[in-house]
Amino acid sequence: MFKKIIFTIAFICVMASSSFGQTPNEHHVYGVVVGISEYADKAIKDLKFADDDAIMFANFLKTQLVQPQDTDNIKLFTNKKATAIPVFEEIEKITKKAKLGDTVYFYFSGHGEANNPDEIFLICHDAAKGTYAVGGGCIPVKFLKNRIKIMQQNKVKVILITDACRSNEISDAEYNLIFTNALNENTGEIQLTSCSPNEKSFEDRRWGNGHGVFTWYLLKGWMGMADQNNNNRVTFEELSNYLVQHVGDDTYDKIEDRKLQIPSSCCPGYNNTLMGKVNPAIKKQLMEAEETGVDNLYAALMPRYLSRSIESEKIEDSLALEYYDRFNKLIDQEQFMEPDTNCAVFYYQKFKERQKAGVILDESRLDLVAGMANKAQSFIQDYLRGNDSITVLEFQYASRLMNQSVALMDTSNYMYKGMRARALFLEANSMMTTQNEMSLAFDKLDSSLMLEPNKAYVYYSKARIYEKFDVYFNKAEENYLKAIELAPKWVFPMLDLGNMYINDGQYTKGKSYFNKATQIQPGSYIFTLLGHTYQFMADAQGHYDTAIAYYQKALEIDSNYIDAILGIAIVNLSRDSVDLSVKNYLKALHKDTSYYFTYLSFGDLFYDAQMDEKSIFCYNKAVHLNPDCIKAHWMLGNIYDFRLEDKVKAVDEYAACLKIDYYYTKAYNAIGNIYITTEQFSDARNFLKYPLTYDPNYNPINLARMFLNRADYDTTGLDYDSAKLWLDSSNALYPNEYYTNYLYGHYYWKINNPEKTIAYNLASIKLKDDYFYSWQTLGHGYYLSDKMDSAYYCYSRCTNIIPTIQQPYQDIWNINQYKLLNNEKALEIADTAIQRNVNPAYFHFLKCYTYYQQKKYQLALNENTKAIELNPTDGQFIYYKALINYEMGNMTDVIKIIETALKTERKFIKEDFYGDNFKTLQINKKYIKIINQYFEDQNKQPIK
């Protein structure tokens with residue numbers, strides 16, 4: 001557990017002389033001034049005036065304490081510019097350069113956090129909440145203290161100033177004390193702290209129209225108001241006393257009868273240390289400002305010197321200077337590596353060729369290292385903040401930057417090993433575009449961990465890769481748990497693990513991790529996830545009300561949170577409250593017409609209502625707004641596949657899923673299954689086998705199905721053998737699955753083994769008693785065993801499960817017509833199919849056939865006429881019209897009808913023309929001519 005505090009820190013390495021001002025040619029002044037009010041991670045609370053205090057402090061340094069030649073040595077980093085890596089590099093530079101007599105200022109204004117006494121951090125702009133110990137974006141206090149010790153060894157005295165706790169998010173006493181103790185650990189420096197442990201450091205517009213009270217009085221005192229004995233000198237003791245008095249007075253609470261903020265200092269041995277000589281004119285100006293009530297500190301910060309760098313004067317080669325200027329501009333523009341001949345790397349090499357060596361060249365290299373590493377690190381920080389929109393190309397770019405940065409970095413650099421580790425992490429995430437890269441990606445992640453052990457985000461990345469494949473559930477779980485163990489206040493591993501549990505139906509576990517996340521970082525997103533959880537549970541446990549309650553909690557935090565509005569819409573739809581559902585869908589659309597998920601949800605609404613045209617429009621709109629919306633492509637594929645029977649478009653949409661996610665296994669299966677139904681078996685096999693190349697635990701059950709279907713065209717029986725091999729492989733991976741048992745039964749039916757057909761389908765039905773095809777194949781097994789009553793029952797069960805499929809009605813008709821010889825029952829089942837609108841043309845024809853066999857020719861002709869009216873091009877129907885007319889003696893029309901039948905479907909009915917159906921016509925010349933004309937290409941002998 002750790003707690004957060006907010007602080008402003010100034011490290012001031014004081015010269016050995018008695019004045020805080022700079023004496024020309026005696027020493028140099030350096031400064032790193034950092035102020036952060038705005039944080040990239042919205043989960044980290046923004047401050048109000050930390051950046052303004054930093055700007056004021058930098059202005060104070062430049063105008064009051066340094067000579068012109070050193071003004072460029074004061075580096076100011078605020079908000080977006082105040083990321084960790086450039087700050088690291090600037091501290092490293094100063095640590096190497098600072099020497100006896102030099103003055104170094106380090107000022108940090110922003111958040112801080114303590115995990116434990118060994119893990120104390122200054123939080124930079126790019127930090128991700130909860131990942132400070134493992135993810136970067138912060139400055140470890142141990143690192144900072146180490147650099148102070150190095151400076152002390154070089155005889156540089158240090159003052160540490162902390163303007164702390166200016167947020168309402170006050171830490172508890174234990175962790176506030178841990179943080180304070182870590183900062184106050186004395187390594188030879190003077191220390192000033194804005195407040196005592198567990199106090200709040202106030203900031204408000206009443207101090208300089210927007211500053212922290214401590215920093216405001218710190219600078220006023222330093223510039224002369226702390227000079228109580230009027231000797232034009234401010235000592236450390238005077239400054240400390242001034243701060244205690246004025247900060248305490250300004251924060252006095254009459255109700256509590258106490259001063260809410262009391263600065264502290266360390267150490268007494270420095271009491272007589274001279275902090276600065278007073279400029280009487282500035283002191284007078286400050287005193288007049290206090291008397292008039294116009295207390296503007298900036299009026300006293302008038303520049304004493306022109307801020308001008310003389311660095312360029314040290315570069316005597318004009319061409320080198322041109323390269324140097326161009327290099328710096330490109331660094332500022334973050335144009336590091338592209339294009340090849342107009343980027344920072346290119347001009348650094350050109351400058352290096354001319355300059356050869358020196359401080360400026362070395363610092364230019366460090367600036368390039370810091371710039372590239374910082375840009376690369378920004379992608380990692382986005383990842384840590386839960387940004388899932390980072391593309392493979394962006395990861396590739398980031399990994400190139402980080403690797404180039406590492407290549408230019410000294411191996412002794414504090415960040416060298418960490419940057420190498422992060423380069424490997426970025427490389428791993430830039431892969432995964434082919435199956436061959438998956439194992440290599442894992443190798444790189446493991447290598448990253450060898451360089452930087454216990455990095456939670458690396459385990460998190462491994463978990464997310466494993467989660468892509470259902471069969472690696474345990475591996476994904478193991479890595480999520482490791483990430484949570486290492487970063488117990490980073491919510492994203494908790495949320496992803498919770499989601500994985502929910503998708504697996506483990507609702508209690510999923511909820512527990514969502515609830516943990518709400519304790520750390522409550523917000524609309526997490527409450528919406530809890531709403532989704534109870535929504536998923538609602539069918540079984542009636543949790544719709546709880547789901548709505550969590551969605552409402554999310555909206556209380558953010559009334560514009562669209563996912564919560566859509567959640568309410570979906571719950572109302574599940575409750576059949578369609579009007580309320582549509583109202584909320586429209587509300588979400590009104591909030592933001594560009595949010596793809598709204599259209600995705602609308603698409604689901606129309607899909608469930610079987611309004612295919614509208615659902616296609618909504619899914620396409622979602623794809624337009626978010627081309628990587630894989631679910632929209634998947635649902636479009638389902639509509640074209642199962643609703644509209646447009647297999648070409650279905651394949652296109654499923655293929656689009658694979659372009660977004662190469663490892664989207666169910667898209668391979670969907671395309672493979674389409675190719676099975678369209679009898680493109682070679683393509684089907686390729687798609688169905690492909691997941692085996694990257695997932696050894698992939699279930700090959702559909703490969704078995706493909707070989708079973710192809711076996712109808714294979715006379716060698718080899719496809720049956722292949723089907724059996726894949727069935728056995730599937731069963732070894734996933735034993736006792738209903739679908740595997742069904743296909744075993746189907747296989748044994750195909751090879752004419754009714755006993756095993758029955759046994760396997762009974763096993764399948766025991767596991768899933770409403771699976772249509774298990775009942776159908778069980779019926780086939782009983783039919784082969786001549787158990788007609790059982791077969792009849794199975795086919796009847798099929799008509800109840802899916803009333804719209806033709807085959808079971810036809811199977812029942814066959815039993816009655818041919819096995820039980822029950823014409824009335826045969827006619828009855830045909831009527832049932834017609835009433836249910838199951839291919840009525842065909843079942844009128846079956847009734848025609850039954851009547852024909854009974855020699856009820858007029859009834860047969862009536863049913864035949866109905867069949868032809870519904871399907872006028874079916875040659876079989878027309879052929880039976882000829883047979884009936886022939887039997888009824890209507891010879892005039894028979895030959896003409898036969899010719900029509902032959903034009904429409906010669907292949908199906910040709911055999912009948914060599915039997916006795918039209919025996920008396922076989923001497924008719926017109927009949928003979930027609931038969932010979934239509935069968936002259938066959939191996940049959942024409943009629944003589």
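Helices (H or I, at least four residues) and strands (E, at least two) are taken as DSSP runs and numbered from the N terminus. On this basis the chain contains 41 helices and 15 strands. The structure is a predicted model, in which local features need pLDDT of at least 70 and side-chain atom pairs count only at pLDDT 80 or more, while totals for chains, interfaces and linings use all residues. Residues are numbered from 1 along each chain as its sequence is written, and side-chain values use heavy atoms, with hydrogens and water left out.

Burial was assessed by relative accessible area, with buried meaning under 20%, exposed over 50% and partly exposed in between (1.4 Å probe, protein chains only). Of the 944 residues in the chain, 54% count as buried. Contact denotes heavy atoms within 4.5 Å. Among contacts in the chain with a separation of 6 or more, 64% involve residues 24 or more positions apart.

Aromatic pairing was evaluated for the rings of Phe, Tyr and Trp (its six-membered ring), which pair if their centres lie within 6.5 Å; planes under 30 degrees apart count as stacked, over 60 as edge-to-face and the rest as tilted. This criterion yields 60 aromatic pairs. One of these is formed by Phe 88 and Phe 143, an edge-to-face pair with 4.8 Å between centres and 65° between the planes. The pair links distant parts of the chain, since Phe 88 belongs to helix H2 (residues 84-97) and Phe 143 to helix H4 (residues 141-153), 55 residues apart. Both Phe 88 and Phe 143 are buried. Elsewhere, ring pairs link a cluster that includes Tyr 809, Trp 813, Tyr 842, Phe 843, Phe 877 and Tyr 880.

Charges were also found over aromatic rings, the condition being that NZ of Lys or CZ of Arg is within 6 Å of the ring centre and within 35 degrees of the ring normal. Lys 482 lies over the face of Tyr 459 at 5.9 Å from the ring centre, and Lys 666 lies over that of Trp 634 at 4.6 Å.

His 844 is located in helix H37 (residues 840-853). With 11% relative accessibility, this histidine counts as buried. Apart from neighbours within four places in sequence, His 844 is in contact with Ile 834, Glu 863, Lys 866, Ala 867 and Leu 870.

Helix packing was described with axes fitted as lines to C-alpha atoms, for helices over the stretch in contact, and with angles from 0 to 180 degrees between N-to-C directions. Helix H27 (residues 665-677) and helix H29 (residues 701-710) pack at about 10°, their axes being 10 Å apart. H27 and H29 are therefore roughly parallel to each other, angles under 35 degrees being assigned to that class, over 145 to roughly antiparallel, 65 to 115 to roughly perpendicular and the rest to oblique. In this contact, Asn 669, Asn 673, Ile 676 and Thr 677 of H27 meet Asn 702, Arg 705, Met 706 and Asn 709 of H29.

Several backbone features fall in loops. A cis peptide bond, with omega about -10°, joins Glu 338 and Pro 339; Pro 339 is placed in the loop between helix H9 (318-332) and helix H10 (344-355). Lys 356, although not a glycine, has a positive phi of about 70°, and lies in the loop between H10 and helix H11 (359-384). Lys 356 counts as exposed at 63% relative accessibility.
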